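Biologist: Hi, could you walk me through how the two chains meet?
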Amino acid sequence: MCVPALLFSLQAWSQQYSTSILYNVSVPVSNTADYLSTTSFRGLTISPRIFLNERFSLGVSAGWQVFYEKRAPDAYVDETLTLFGTQFRYINAFPLHLSPQFHLPAIAGFKPYAGLGVGTTFVNQTTNMGLFTFQSKEWMLGFYPEVGVMFPFRNDWHLTLSGKYNHMFGTGELPTQAYWGINAGFTHFFRGYRRY
Amino acid sequence: MKTRLTAWLAAVSCGLIITLQGCYPGGPEIVGEYDLVATSYDRDFDFSRARTFLMPDSVIHLTPGQVSRAYDPFILQAVASQLRARGFTRLTEGGNQQADVVILTSVTGNTNVSVWQNPYDYWGWYSGWGGYPGFGAGIGPGWGYGYPGYFSPVTVSAYRTGTLVIQMVNPNQASAASQTVPSVWVATFNGLLEGSPASIRDRIVQGINQAFVVSPYLGGSQ
């Protein structure tokens, strides 16, 4: 059991590039949950990265997460104005982060890693009520800590599973936003680029 | 090898994005989910003292022909019924008693109309109603409605829709100088003019009822 793990580990630090494609499930928290509390099953992250050495890699993480919630007919009061109707709430989040990762030695074939993302997220919050739309769009600075694990299953292909806490600082019309994410997908390692 | 992998990754990415786009969440699925009721009121007006109302027996059609007049009796009946249920007494026109408030109803449909952007221009006096002779100021044709203080009128634009506006004005504080009558409560019901006449009628009545439900101060409780 230890020999294959060692081989994978030795193989890993000889690789220079990787690309991950991950499907995201996200759970809103904080102000985001106040606006809508439904778990989002519509998310995608693409993350190309370069390995600086066997332990550290630097990459870019870009994604798209769609939150949606239908609110039953209700009254919304603002001063002397009251609106009553069905609301359809959407958040489209497009995160773009610089993401260094620290890769731990493989354990029984599993390659754990921890990472941090620092960057910005374009957030489009839309509320449709009746025939009217109320929209707030902001570029929000933020970060995410991430832990994950990769498991090689075929040549340079790895199954990848990770968890993230996405935090976006309030700006303009939007207060601080946050959501937890569970990401699953594939990571492909590009070997032999050192020759170029 | 590199080109093939890059192409494969690009294809997978595009496929996932298209899949995400395909399952992008929708919106309203039935006509009633587009219905919107909006109300606003003058917080300085003492609704608990308003006990009588006068209401013309016609609905103003701001865009003639766009909304069927078959709904008019149901609109008038629903509004009067709701006011009575909140303790108001309806006075008849030409009577000697002065009404505390006057209720005016109007509809518009199927055009892009900003009803409340400039109410003074848009709202002429109801031409089918001669005036309110019980008051010294002689409120009548040529007058408009005023919105005192921070009472912001509701803005509603209509696009292939129908909009019902119910307006409560206070003829006792009419201004002869500006020739305006203060509006103390306004309710609008906006929705698609789709479906059978019976379903549209039912939605209109439900909208009227809801406008009163979200305006409990009309019953005297602030």
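Modeller: Happy to! A good place to start is F84(A), which stands opposite V37(B) in strand 1 of chain B.

Biologist: Which way do those strands run, and how many bridges join them?

Modeller: Strand 4 of chain A and strand 1 (residues 36–41) of chain B run antiparallel, joined by 4 bridges. Strands are DSSP runs (E, at least two residues), numbered from the N terminus, and two of them pair if DSSP finds at least two bridges between them. This is a predicted model, where local features need pLDDT of at least 70, side-chain atom pairs count only at pLDDT 80 or more, and totals for chains, interfaces and linings use all residues. Residues are numbered from 1 along each chain as its sequence is written, chains are lettered from A in the order in which they are written, and side-chain values use heavy atoms, without hydrogens and water.

Biologist: How many residues are in contact?

Modeller: On chain A, 30 residues are in contact with 35 of chain B, counting heavy atoms within 4.5 Å.

Biologist: And what area is buried?

Modeller: About 3,000 Å², with carbon and sulfur atoms giving 70%; that is accessible area (1.4 Å probe) lost on putting the two parts together, summed over both. In chain A, T80(A), F84(A) and L131(A) lose the most, together 22% of what that side buries.

Biologist: Switching topic, how many salt bridges are there between the chains?

Modeller: There are 2 between chain A and chain B, meaning a Lys or Arg side-chain nitrogen within 4 Å of an Asp or Glu carboxyl oxygen. E79(A) forms one with R43(B), and their closest N and O atoms are 2.7 Å apart.
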